Amino acid sequence: MSKINLKKNIIYYIMEVKGIPRHQKENPYKYDEEDLQNKKLAMLTLKQLYPDVPEYYASMVYDLCKNTGEEELEKIKWKVDNVETKHKIPEILEHHGGITVHNEPMLPSPDFPEIENEGKKEEDEPPSLEEIDA
């Protein structure tokens, strides 16, 4: 039996029960020890850079970027920048420089000309990386 002293001087006793394994943290992406250490370091860095972002969301973004291919990430970035959402952007963001994604202003912006839709609908596939670079 072991003692653990937590907040407010409350002491909890933990007893090992034979045949019942201890709870282990979930690891749905099957990270090895090195990957877990890299994630921990990245989470500490993200916490310093973006103190207002909850750790849960930072962890989701880390996992998305770590486990998604470069082309799929480019499609996601393109969709965020160019496809209208059903949610209204708060006026405070529109009047103070707009939203920045990936350190680039969201279209339309006075610095960037509006992109013509060229007859594509929202449900069409986003362009390939070659089309984006052209």
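**Close-ups of a predicted chain and its helix α1**

Only a modest share is tucked away: buried residues account for 12% of the 134 residues in the protein chain. Keep in mind throughout that this is a predicted model.

**View 1. The whole chain, helices and strands together.** Count along the protein chain and you'll find five helices and four strands. Starting at the N terminus, they come in the order β-β-α-α-α-α-β-β-α. Take the contacts between residues at least 6 apart in sequence: 38% of them join residues at least 24 apart.

**View 2. The outside of the chain.** About 12600 Å² of the protein chain is exposed. Carbon and sulfur atoms supply 54% of that area.

**View 3. Helix α1 from end to end.** Here's α1, which takes in residues 33-49, 17 residues in total. From its first C-alpha to its last, α1 reaches 24 Å, close to the 24 Å expected at 1.5 Å a residue.

**View 4. The buried side of α1.** Which residues of α1 are buried? They are D35, K39, A42 and M43. These buried residues sit on the same side of α1 because they cover an arc of only 105° around the axis. A bit of helix geometry helps here: an α-helix has 3.6 residues a turn, so residues three or four places apart point the same way. Part of what covers the buried residues of α1 is α2 (55-67).

**View 5. The other side of α1.** Go round to the other side of α1 and you meet exposed residues: E33, E34, K40, L41, L44 and Q48.

Notes: Residues numbered from 1 in each chain as written. Predicted model: local features only at pLDDT ≥ 70, side-chain atom pairs only at ≥ 80, totals over all residues. Heavy atoms only, no water. Helix = DSSP H or I, 4+ residues; strand = E, 2+ residues; numbered from the N terminus. Expected span 1.5 Å × (residues − 1). Buried < 20%, exposed > 50% of the residue type's maximum accessible area, 1.4 Å probe, protein only. Arc of directions from axis to C-beta. Contact = heavy atoms within 4.5 Å. Areas by Shrake-Rupley, 256 points an atom, 1.4 Å probe, with all protein chains shown as cover.
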